[in-house]
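Trainee: Could we go through this one together? I'd like to see how each label is earned.

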Amino acid sequence: MKLSASEDDLGSDIHVPADIDWHMLDKSKFFFLGAALFSGVSAGLYPAMVLKTRQQVSSTQISCFKMSFSIMRCEGLRGFYRGFGTTLMGTIPARALYMGALEVTKTSVGSSTVRLGFSDTTATAIASAAAGLSSAMAAQLVWTPIDVVSQRLMVQAPNASPCRYKNGLDAFRKILFADGFKGLYRGFGISMLTYAPSNAVWWASYSVANKLIYGGLGWSDNIRRSESKATAVAVQGLSAAMASGVSALITTPLDTIKTRLQVLDKEENGVRKPLTMLQTVRNLVKESGLAACYRGLGPRWASMSLSATTMITTYELLKRLSAKNQES
């Protein structure tokens, strides 16, 4: 799902400057703490991703409750964490690329837009959108192969005989052998089409919502620097949830198509071959009409909202912990 840029001007009990830009961060601390914090967040949100993925590849509509009950009954708690090891391994390099691109772009574009005479709100929205776009594009270089492998592990039938994939490394090796390097980047184009614009819209929406909420409260920058941590978290969470709802509604059909492209194959003369995008869309519409494109919307919306709220508050904490010369 996606971290933040323009929330930097929010304050907390730690008295740091309202905006913590790239040059103000201790880079080694920023990336090390970031890897640790976001790995923990990913662990908490992973079961929702498993539910969403299984719903999207299912040929029939199954409710979240029935799917959850089935996984717990047949596979136990481990079923909700299929492929998690692979995802965790990809989290560190992907997050490093994401956060680096996010902060560098935000700082450079933000400075340029201010010099061009844009208002503070407009400049923040433009910088956030550009940062979201560039960070998503950078992260997808790592996330697409991780997605392909982890999603295949997520949907693999328990106790299948013979077992198609023993673990993430085995899946990586078999996909590479069967389809070559391009097999690991199956769905890369639609992933970029899904996540890059979505990320840009999310960050722009988040930054605007953040400023509007504070503006509605009538708080000045001085008040925001000394606000309580609980108030900052509440505003960040509300802004993140608002942005996530819109993003989920717009991008779920593309995400469903992407997941099926990466996971499902067709068989011709006993040989497995990847589906094309057109075949994937036709199969979806044939199964349940256009509504099939929104399978997994509930878990995805919940996952995006929880993820965004958690990520944004964690990211705020991370930036404050990583700020150079911060006060005790």
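Trainee: What pattern does the protein follow, read along the sequence?

Mentor: Keep in mind that this is a predicted model. Read along the sequence, the pattern is α-α-α-α-α-α-α-α-α-β-β-α-α. That fits the count of 11 helices and two strands.

Trainee: UniProt has a feature at residues 30-51. What is it, and what does the chain look like there?

Mentor: The unreviewed UniProt entry places a "transmembrane region" at residues 30-51. In the model, the chain over residues 30-51 is 100% helix and 0% strand. The C-alpha atoms at the two ends of that stretch are 32 Å apart.

Trainee: Why are α1 and α2 called roughly perpendicular?

Mentor: Look at the angle: α1 and α2 (residues 64-75) pack at about 105°. The label covers 65 to 115 degrees, so α1 counts as roughly perpendicular to α2. Their axes are 10 Å apart. On the α1 side, the contact is made by Val50, Leu51, Arg54 and Gln55. On the α2 side, Cys64, Met67, Ser68, Ile71 and Glu75 take part.

Trainee: And why do α1 and α4 get the label roughly perpendicular?

Mentor: Try the reasoning again. α1 and α4 pack at about 75°, with axes 9 Å apart. The range is 65 to 115 degrees, so α1 and α4 are roughly perpendicular to each other. From α1, the contact uses Tyr46, Met49, Val50, Lys52, Thr53, Arg54 and Val57. From α4, the partners are Ser150, Gln151, Met154 and Val155.

Trainee: What makes Glu75 and Arg82 a salt bridge?

Mentor: Their closest N and O atoms are 2.7 Å apart. The cut-off is within 4 Å, so the pair of Glu75 and Arg82 qualifies. A search of the whole structure finds 12 salt bridges.

Trainee: How do you know whether Glu75 and Arg82 are buried or partly exposed?

Mentor: Buried means under 20% relative accessible area. Glu75 has 16%, so Glu75 is buried. Arg82 is at 21%, so Arg82 counts as partly exposed.

Trainee: What about Lys174 and Asp170, which meet in a salt bridge? Where do they lie?

Mentor: Both are in helix α5 (residues 168-179), four residues apart, about one turn of the helix. Their N to O distance is 3.2 Å, and since the limit is within 4 Å, the salt bridge label holds. Lys174 has a relative accessible area of 30%, so Lys174 is partly exposed. Asp170 has 8%, so Asp170 is buried.

Trainee: Which parts of the chain does the salt bridge of Arg300 and Asp255 tie together?

Mentor: The closest N and O atoms of Arg300 and Asp255 are 3.3 Å apart. Arg300 lies in helix α11 and Asp255 in helix α9, so the pair ties together parts that are 45 residues apart in sequence. Both Arg300 and Asp255 are buried.

Trainee: Which residues are linked with Arg300 in a network of salt bridges?

Mentor: Besides Arg300, the network links Lys52, Asp147, Asp255 and Lys258. Asp147 is found in helix α4. At 14% relative accessibility, against a limit of under 20%, Asp147 counts as buried. Asp147 touches Tyr195, Lys258 and Gln262, leaving out residues up to four places away in sequence.

Trainee: Why is Thr280 called buried?

Mentor: Thr280 has 1% relative accessibility. Buried means under 20%, so Thr280 counts as buried. Thr280 sits in helix α10 (residues 277-288). Leaving aside neighbours within four places in sequence, Thr280 is in contact with Ile257, Arg260, Leu261 and Leu275.

Trainee: How many residues are in the largest nonpolar core, and which touch the most other members?

Mentor: That core has 24 residues, and Trp202, Trp203, Tyr206 and Tyr315 touch the most other members. Several helices each supply at least two residues of this core, among them α3 (84-115), α7 (188-217) and α9 (229-263). A second, separate core has eight residues, including Val50, Leu51, Ile71 and Met154.

Trainee: And how much of the protein is buried?

Mentor: Buried residues make up 50% of the 328 residues.

Methods
Residues numbered from 1 in each chain as written. Predicted model: local features only at pLDDT ≥ 70, side-chain atom pairs only at ≥ 80, totals over all residues. Heavy atoms only, no water. Core = buried A, V, L, I, M, F, W, Y, C linked by side-chain atoms within 4.5 Å. Buried < 20%, exposed > 50% of the residue type's maximum accessible area, 1.4 Å probe, protein only. Salt bridge = Lys/Arg side-chain N within 4 Å of Asp/Glu carboxyl O. UniProt positions renumbered as here; feature names shortened; annotations may be inferred. Axes fitted to C-alpha atoms, helices over the stretch in contact; angles between N-to-C directions. Parallel < 35°, antiparallel > 145°, perpendicular 65-115°, else oblique. Contact = heavy atoms within 4.5 Å.
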